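This briefing sets out selected features of the structure shown below, grouped by topic. Please read the points alongside the sequence and the coordinates.

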Amino acid sequence: MGPGGPHHLEGRFITDKPGFYCALGEALIGPGRWFGRGLDDLNDCLGGRRGVIGPFTWISHDADIARHALNFTVDHGRKLTYFEEAVQLLESRGVTVILR
């Protein structure tokens with residue numbers, strides 16, 4: 001897929017990290033599609049290797065559910081939750097993130 005969107009993610013289905021990547025893969029590259037299980041895979045997807053290239057808009061519905069499920073920190077020298085790391089990565093790749 002090329003630029004554009006918007007791509008919609010249903011946050012109410014995200015109860016854990018694998019669920020996040022399943023829902024995100026389907027939102028970005030289509031139903032039944034999956035591109036990985038970590039931030040490095042997400043970065044590759046956003047670089048066009050296996051997914052989409054920005055700019056585009058990503059709308060996360062029921063984002064608080066996903067935020068709660070991904071409310072653990074990763075050791076990247078920062079005090080961000082996993083959810084915040086993912087959002088920051090999306091934004092750094094030209095994605096407009098809308099959390100609802």
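Asp 16 sits in the loop that links β1 (4-10) to α1. The model is a predicted one, and in this model Asp 16 is partly exposed, because its relative accessibility is 34% and the partly exposed class runs from 20% to 50%. Its C-alpha atom lies 6.5 Å from that of Leu 70, although the two residues are 54 places apart in sequence.

**Loop residues with distant partners**

- Beyond its neighbours within four places in sequence, Asp 16 is in contact with Ala 69 and Leu 70.
- Arg 93 belongs to the loop between α4 and β3, and its relative accessibility of 35% places Arg 93 in the partly exposed class.
- Between the C-alpha atoms of Arg 93 and Gly 47 the separation is 7.8 Å, while the two residues are 46 apart along the chain.
- With residues up to four places away in sequence not counted, Arg 93 touches Asn 43, Leu 46, Gly 47 and Gly 54.

**Overall organisation**

- The protein contains 4 helices and 3 strands, and from the N terminus the order of elements is β-α-α-β-α-α-β.
- Of the 100 residues in the protein, 45% are buried.
- When contacts between residues at least 6 apart in sequence are considered, 57% of them join residues at least 24 apart.

**The largest nonpolar core**

- In soluble globular proteins, nonpolar side chains tend to be buried together.
- The largest nonpolar core here has 29 residues, and the members that touch the most other members are Ile 14, Leu 28, Leu 42, Leu 46 and Trp 58.
- Two or more residues are contributed to this core by each of α1 (17-29), α2 (39-46), β2 (56-61), α3 (63-69), α4 (82-92) and β3 (95-99).
- The greatest contribution to this core comes from α1, with 7 residues.
- Which residues does Trp 58 contact once its neighbours within four places in sequence are left aside? They are His 7, Leu 9, Leu 24, Leu 28, Val 87, Leu 90, Val 95, Thr 96, Val 97, Ile 98 and Leu 99.

**Packing of α1 against α2**

- The axes of α1 and α2 come within 12 Å and cross at roughly 0°; α1 and α2 are therefore roughly parallel to each other, since angles under 35 degrees fall in that class.
- From α1, the contact involves Tyr 21, Leu 24, Leu 28 and Ile 29, and from α2 it involves Leu 39, Leu 42, Cys 45 and Leu 46.
- By class, the contact of α1 with α2 has 8 nonpolar residues, with no polar and no charged ones.

**Packing of α2 against α4**

- Are α2 and α4 roughly parallel or roughly antiparallel to each other? Their axes come within 10 Å and cross at roughly 20°, and α2 and α4 are therefore roughly parallel.
- This crossing of α2 and α4 is right-handed.
- The contact is formed by Leu 39, Leu 42, Asn 43 and Leu 46 on α2, together with Tyr 82, Glu 85, Ala 86, Leu 89 and Leu 90 on α4.
- The residues in the contact of α2 with α4 comprise 7 nonpolar, 1 polar and 1 charged.

**Burial of α4**

- The buried residues of α4 are Tyr 82, Phe 83, Glu 85, Ala 86, Val 87, Leu 89 and Leu 90.
- An α-helix has 3.6 residues a turn, so residues three or four places apart point the same way.
- Cover for the buried residues of α4 comes from elements including α1, α2, β2, α3 and β3.

**Backbone geometry**

- Most residues other than glycine have a negative phi, and most peptide bonds are trans.
- The peptide bond from Gly 54 to Pro 55 is cis, with omega near 5°, and Pro 55 lies in the loop between α2 and β2.
- Asp 62 is not a glycine, yet it has a positive phi of about 55°.
- Asp 62 is located in the loop between β2 and α3 and is partly exposed, with a relative accessible area of 36%.
- Gly 94, just after α4, also takes a positive phi, of about 85°.

Notes:
Residues numbered from 1 in each chain as written. Predicted model: local features only at pLDDT ≥ 70, side-chain atom pairs only at ≥ 80, totals over all residues. Heavy atoms only, no water. Core = buried A, V, L, I, M, F, W, Y, C linked by side-chain atoms within 4.5 Å. Buried < 20%, exposed > 50% of the residue type's maximum accessible area, 1.4 Å probe, protein only. Contact = heavy atoms within 4.5 Å. Axes fitted to C-alpha atoms, helices over the stretch in contact; angles between N-to-C directions. Parallel < 35°, antiparallel > 145°, perpendicular 65-115°, else oblique. Left-handed = near helix turned anticlockwise from the far one by under 90°. Nonpolar A, V, L, I, M, F, W, Y, C, P; charged D, E, K, R; others polar.
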